[in-house]
Amino acid sequence: MASKEGEGNGKEASVSHALPHVVLNERILSSMSRRSVAAHPWHDLEIGPGAPSVFNCVVEISKGSKVKYELDKASGLIKVDRVLYSSVVYPHNYGFIPRTLCEDSDPMDVLVLMQEPVLPGSFLRARAIGLMPMIDQGENDDKIIAVCADDPEFRHYKQLNDLAPHRLAEIRRFFEDYKKNENKSVAVNDFLPAEAAISAIKYSMDLYASYIVESLRQ
């Protein structure tokens, strides 16, 4: 019995000796022990020095997706809200502008025109070229129409009338139809120029700043 135990100890020693020496990484340790400091894309990502005309945008939904992803405000993660009930897909990348706030208590929505789909949770620089006023179930839910500022095919667009009329018609039709099978009404009004979009973003930035100031007072 003693010899077997000795053999077992020898095997354990050889296995232990074979394990690589782990060098502790302070950044990894910090991320494991201080999870509360994880960045929140709405509050921690800067809107960018060019705002309100050029701004950072966090992508929630990829171009061509039928999955309705959205920001989980509590965790900062991108969650699956639902799969669209209608046989449609998002015509362009869709997301929100960080450090903005609208009257529906959400950040400002933005549809970003560019060549390629972008993974949910990524952020990019966008330029506002117009505003799509929208009423979703009786409440204002306006969308900024933008182009990717770093896409060579789209970055030169400055106004909605730089786009083909059919592209705007596609965008309008998508938002008019995407909730029909949920028996929810959506109305899209006439598109407005870049100046209206920039004013709307500036207002949402000011509303967000007011919210932060008020929260600090409490």
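Hi everyone, this is a short walk through one protein structure, and please keep in mind that the model is predicted.

Let's start with the overall picture. The protein has four helices and eleven strands. Of its 218 residues, 39% are buried. The accessible surface comes to about 12,900 Å², and carbon and sulfur atoms hold 54% of that. Here is a figure about how the chain folds back on itself: among contacts with a separation of 6 or more, 68% are between residues 24 or more positions apart.

Now, the strands. As a reminder, strands of a sheet pair through backbone hydrogen bonds, either parallel or antiparallel. Please look at strand S2, residues 67–71, and strand S3, residues 78–83. These two run antiparallel and are joined by five bridges. If you would like one pair to find on the screen, Leu71 has Ile78 in S3 as its bridge partner. S2 and S3 make a hairpin, with six residues between them. In that turn you will find Gly76, which has a positive phi of about 85°.

Next, a sheet further along. What is the strand order in the open sheet of three strands? The order is S8-S7-S10, and the pairing is antiparallel. The edge strands are S8, at 139–140, and S10, at 186–188, each of which pairs on one side only. S7, residues 134–136, pairs with S10 over three bridges. Within that pairing, Met134 has Val188 in S10 as its bridge partner. Helix H3, residues 165–177, packs on this sheet and touches S7 and S10. The direction of H3 makes about 160° with that of S10.

On to the charged residues. Side chains of opposite charge can pair when their charged atoms come close. How many salt bridges does the structure hold? There are 16, and I have picked three to show you.

One of them is between the side chains of Lys73 and Asp106, at 2.5 Å from N to O. This pair links distant parts of the chain, 33 residues apart: Lys73 is in the loop between S2 and S3, and Asp106 is in the loop between strands S4 (93–96) and S5 (109–113). So Lys73 takes us back to the hairpin loop. Lys73 counts as partly exposed, at 38% relative accessibility, and so does Asp106, at 26%.

Another salt bridge joins Asp150 and Arg125, with the closest N and O atoms 2.8 Å apart. Here again distant parts of the chain are linked, 25 residues apart, with Asp150 in the loop between strand S9 (143–148) and H3, and Arg125 in strand S6, residues 123–132. Asp150 is partly exposed with a relative accessible area of 46%, and Arg125 is partly exposed with 38%.

The third example is within H3, where Glu176 forms a salt bridge with Arg172, the closest N and O atoms being 3.9 Å apart. These residues are four apart in the helix, which means that about one helical turn separates them. Glu176 is partly exposed at 22% relative accessibility, and Arg172 is partly exposed at 22% too. Both also belong to a network of salt bridges that links Arg172, Arg173, Glu176, Asp177, Lys180 and Asp190.

Finally, a look at the surface. Which residues make the nonpolar surface patch of about 330 Å²? They are Tyr211, Ile212 and Leu216. You can find Tyr211 in helix H4, residues 194–217.

That's my tour, and thanks for listening!

Definitions and conventions: Residues numbered from 1 in each chain as written. Predicted model: local features only at pLDDT ≥ 70, side-chain atom pairs only at ≥ 80, totals over all residues. Heavy atoms only, no water. Pairing = 2+ DSSP bridges. Patch = residues over 30% accessible without salt bridge, like charges linked within 9 Å, V, L, I, M, F, W, Y side chains within 5 Å. Areas by Shrake-Rupley, 256 points an atom, 1.4 Å probe, with all protein chains shown as cover. Salt bridge = Lys/Arg side-chain N within 4 Å of Asp/Glu carboxyl O. Contact = heavy atoms within 4.5 Å. Axes fitted to C-alpha atoms, helices over the stretch in contact; angles between N-to-C directions. Buried < 20%, exposed > 50% of the residue type's maximum accessible area, 1.4 Å probe, protein only.
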